[in-house]
Structure formats: C-alpha cells, structure tokens
Amino acid sequence: MSYDIKTLSTMMGVTTRTIRNYMHLGLLKGYIEHGKWCFTSQEIDLFLSNSYVQKELEIKANSIVLDYLKQNDRYEIGCFVMNLSSIEYEKKLPEILNCVNERKNVRFFYYKTNKISRICVEGSLDTLSQIIELLKPRKNS
C-alpha cells in the first residue's frame, strides 16, 4: 500500500510542509507517481523507526492530549488514545483517514511500531463515535 503526501500528513497530524522538510533532511524517502509524492508502507515504517522522528511524534501526541486536558471552555469535544495491533489497524487506516479528512476541527495522530498502532484523535463527539465504530472488529457475514 502507498500513501500520498496529503494522506501521510493527515496520519501524522502535521502539515505537508513538515513532510517535505523530513524529505529534505533525508529522513523520509518516497517516489513521484503521476506528479505526486508517494510513500510505501515500508518507507513509512523506516521513517517512523528513526529515533529523532519518534521523539517528534511523541511530542505531537502528548500535545494533542495535553491541549485537550487544558481546555475548559469547549463543549461536546472529546479525545481518545487507542492502541491496536498493527495488522488489524492497517486494514482500517484508509477509512479512518477519509473520516478525518471529511471533517473540520479534528486533530489526528498515528504512530506505528512493530507490534502496535496508536492513534490519538480529538474532535466532536460525532466524529469520535464514527472513528470508534470504524475501529470495532467486523463480524464476518
């Protein structure tokens, strides 16, 4: 599976400019397809395994949760952090990213290690409910 620069920026909760900066620094490799930068799962995994990147992502995830906890004047906004098996989550990632991209005022963060995928989401209760519904195991028909 490959991801374009916009999708990768959504996954990581950063701007496309930040992704381009990582590329310029040589931390992230990709390829151009039909005039767009794309990244394979393997390239993303290698990028996420870099200790500098891991520290940056940890700070980003912490900031979403801490910013949420500091707020006391916004209603019907929630935040959750969830760990899932990487294999299980990979299948659901495109649907979740579509859900995030279709909405405004959603903060999303994705982090992956060899064994787990962690997501952190802040948004409206409706958005959080939809993402949680996507994360539920599907029953085979």
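## Chat about the core, two sheets and helix 1

Reader: Which residues touch the most other members of the largest nonpolar core?

Author: Met-11, Ile-19, Tyr-89, Phe-108, Ile-119 and Ile-131 do, in a core of 37 residues. By nonpolar core I mean a set of buried Ala, Val, Leu, Ile, Met, Phe, Trp, Tyr and Cys residues joined through side-chain atoms within 4.5 Å. Buried is under 20% relative accessible area, exposed is over 50%, and partly exposed is in between (1.4 Å probe, protein chains only).

Reader: And which helix gives the most to this core?

Author: Helix 5, residues 86–101, with six residues. Helices (H or I, at least four residues) and strands (E, at least two) are DSSP runs, numbered from the N terminus.

Reader: Before we go on, what sort of model is this?

Author: A predicted one: local features need pLDDT of at least 70, and side-chain atom pairs count only at pLDDT 80 or more, while totals for chains, interfaces and linings use all residues. Residues are numbered from 1 along each chain as its sequence is written, and side-chain values use heavy atoms, with hydrogens and water left out.

Reader: OK. What is Tyr-89 in contact with, leaving aside neighbours within four places in sequence?

Author: Leu-84, Ile-96, Phe-108, Tyr-110, Ser-117, Ile-119 and Leu-135. Contact here is heavy atoms within 4.5 Å.

Reader: Which residues of helix 6 are buried?

Author: In helix 6 (residues 125–135), Thr-127, Leu-128, Ile-131, Leu-134 and Leu-135 are buried. They sit on the same side of helix 6, because they cover an arc of only 120° around the axis. That arc is taken from the directions from the helix axis to the C-beta atoms.

Reader: Switching to sheets. What's the strand order in the one with strand 4?

Author: The order is 4-6-5, an open sheet of three strands with antiparallel pairing. Strands 4 and 5 are at the edges with a single partner strand each, so one side of each has no neighbour in the sheet. The twist from one strand to the next averages 10°. Two strands pair if DSSP finds at least two bridges between them.

Reader: How many bridges does strand 6 make with strand 4?

Author: Nine, between strand 4 (residues 77–85) and strand 6 (residues 116–124). Val-81 stands opposite Cys-120 there, and Ser-85 stands opposite Ile-116. On the other pairing, strand 5 (residues 107–112) joins strand 6 over six bridges, with Glu-122 as the bridge partner of Arg-107.

Reader: Which helix lies across those strands?

Author: Helix 4, residues 51–70, lies across strand 4, strand 5 and strand 6, running at about 145° to strand 5. For such angles, axes are lines fitted to C-alpha atoms, for helices over the stretch in contact, and the values run from 0 to 180 degrees between N-to-C directions.

Reader: Now the other sheet, with strands 1, 2 and 3. Which are its edge strands?

Author: It's an open, antiparallel sheet in the order 1-3-2. Strand 1 (2–4) and strand 2 (31–33) are the edges, each pairing on one side only. Neighbouring strands are turned by 45° against each other on average, direction ignored. Helix 1 (residues 5–12) packs on this sheet, touching strand 1 and strand 3, and its direction makes about 90° with that of strand 1.

Reader: What about Ser-2, buried or exposed?

Author: Ser-2 is partly exposed, with a relative accessible area of 37%. This strand 1 residue lies 4.2 Å from Thr-40, C-alpha to C-alpha, though the two are 38 residues apart in sequence. The side chains of Ser-2 and Tyr-31 are joined by a polar contact of 3.4 Å. A polar contact is a pair of N or O atoms within 3.5 Å; within protein, one must be able to donate a hydrogen and the other to accept it, and residues adjacent in sequence count only if both atoms are side-chain atoms.

Reader: Back to helix 1. How many of its residues are buried?

Author: Seven of its eight, so to speak mostly covered. Ser-9 is one of the buried residues of helix 1, at 4% relative accessibility. A polar atom of the Ser-9 side chain lies 2.7 Å from the backbone oxygen of Lys-6.

Reader: What happens at the two ends of helix 1?

Author: At the start, a side-chain oxygen of Asp-4 reaches to within 3.3 Å of the backbone nitrogen of Lys-6. Just after helix 1, Gly-13 takes a positive phi of about 70°.
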